[in-house]
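Q: Please take a close look at one helix of this structure and at what surrounds it. A connected description suited to a first-year student would be appreciated.

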Amino acid sequence: MAITYHVQEADLTASAADIRGLWVANLIGHDEASARAKLRLGYAENPAGTGLALLLVPQGEADAVGVQGLHPRAFHFGERRLRAVGLADYAVDASHRSLGPALQLMRYGTQCAQTRFDLTYGLPNHKAAAVVARAGLRRIGTIRRFAKPLRSRQQLVQRLPAPLAAVVAPVVDLMLRLDEARRSIVHGPRLVCQETPWTLADIDAVWSHRPAALLLSERSGAMLRWRFGQPERGAWRLSVARQGDSTRGYVVWRIKDDHVEIGDFFSDAPDELTTPLLLAFAREARRAGVNAISVTFFGREAVARAIQRSGMALR
């Protein structure tokens with residue numbers, strides 16, 4: 001006999017243990033502590049509005065077997081402030097992952113989002129992409145990863161005998177620095193990047209000068225600190241980029257093993273300044289002693305091209 005299901009909106013307090021349990025059991029990399037932080041920061045204390053969690057429950061049973069999160073975000077388009085929501089933290093127990101219940105939960109989520117928010121979006125992995133599409137969301141782009149080497153020895157020792165790699169690496173590293181210097185001359189202006197505390201008010205100045213023609217998720221100082229500056233978020237750091245006395249942009253980053261991962265970047269003129277911003281940050285990252293930098297990006301094609309002009313290649 002086929003199982004029937006229903007979807008219900010969860011009370012974030014009363015159902016907290018159920019939600020956390022589903023995340024820990026089904027989302028890679030989560031334990032009880034990280035699930036608690038996710039529920040508190042992403043939903044209960046979200047500055048864009050309290051989040052929603054939808055539970056998939058088999059008829060006649062008390063325990064949920066799936067959860068769909070609706071994660072509020074503020075977007076801006078010119079003077080308009082849009083209430084957006086991301087379909088996030090979607091998890092269904094393995095024994096209930098057939099298309100029927102999985103799609104039922106996702107469809108309920110998209111319908112709920114459409115009635116309460118101005119904009120609905122999702123960033124599904126390859127396993128969830130088909131379900132998201134069948135639930136009514138239209139694909140408008142792809143997340144891409146770009147990376148750039150700063151030091152070559154680690155890569156060379158995988159291809160050459162260690163003594164030869166030790167001789168060749170300084171030459172290759174010099175060529176990398178010279179290429180970076182050439183790009184800085186061609187794609188000015190020259191910016192200077194410097195790490196700074198999360199309390200810096202200059203972030204708000206950059207955000208206030210954002211281009212009015214772009215649809216952007218909010219990047220005020222308060223929003224940036226919520227996304228990255230809380231201890232539970234991980235060891236994210238903030239660097240600002242200046243042109244003379246003016247702050248023109250920022251990069252959020254962290255060191256993972258031997259490379260830098262960029263979590264976010266922004267400038268007051270994204271098409272023109274993304275290349276010099278990332279070149280300035282590369283100089284700072286090289287001083288930190290890492291071997292490479294990487295960034296994942298979804299957005300304007302002109303900015304993607306600017307990322308590549310800084311010497312970062314698609315991976």
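A: The account below begins with the helix, passes to the sheet beside it, and ends with some features of the backbone.

The model is predicted, so local features are reported at pLDDT of at least 70 and side-chain atom pairs at pLDDT 80 or more, while totals for chains, interfaces and linings use all residues. Residues are numbered from 1 along each chain as its sequence is written, and side-chain values use heavy atoms, without hydrogens or water.

The helix in question is α10, which covers residues 301-309. Helices (H or I, at least four residues) and strands (E, at least two) are DSSP runs, numbered from the N terminus. Within α10, the residues A302, V303, A304, A306 and I307 are buried, that is, under 20% relative accessible area; exposed means over 50%, and partly exposed lies in between (1.4 Å probe, protein chains only). These buried residues of α10 pack against four elements: the strands β6 (144-149), β11 (259-267) and β12 (292-297), and the helix α9 (270-287). Contact here means heavy atoms within 4.5 Å. Just after α10 ends, the backbone at G311 takes a positive phi of about 100 degrees.

The strands that α10 packs against belong to an open sheet of seven strands, in the order β7-β9-β10-β11-β12-β6-β13, with mixed pairing. Because β7 (192-196) and β13 (313-314) stand at the edges, each with a single partner strand, one side of each has no neighbour in the sheet. Two strands pair if DSSP finds at least two bridges between them. Strands of a sheet pair through backbone hydrogen bonds, in either a parallel or an antiparallel sense. The pair β11 and β12 is parallel, over four bridges, and V260 stands opposite I293 of β12.

How does α10 lie with respect to these strands? The helix lies across β6, β11, β12 and β13, and it runs at about 20 degrees to β6. Axes are lines fitted to C-alpha atoms, for helices over the stretch in contact, and angles run from 0 to 180 degrees between N-to-C directions.

Elsewhere in the chain, L191 offers a comparison point for V303 of α10: the two residues are 112 residues apart in sequence and 17 Å apart in space, C-alpha to C-alpha. L191 is placed in the loop between α6 (162-186) and β7, and with a relative accessible area of 2% it is buried. Leaving aside residues up to four places away in sequence, L191 touches A241, R242, Q243, R248, P276, L277, A280 and R283. The loop between α6 and β7 also holds P189, which is joined to G188 by a cis peptide bond with omega of about 5 degrees.

Most residues other than glycine have a negative phi, and most peptide bonds are trans. Two aspartates depart from the phi pattern. D89 has a positive phi near 55 degrees, and D257 likewise has a positive phi near 55 degrees. Their settings are as follows. D89 is in strand β4 (residues 80-92) and is buried, with a relative accessible area of 16%. D257 is in the loop between β10 (246-256) and β11 and is exposed, with a relative accessible area of 78%. The strand β11 that follows this loop is one of those against which the buried residues of α10 pack.
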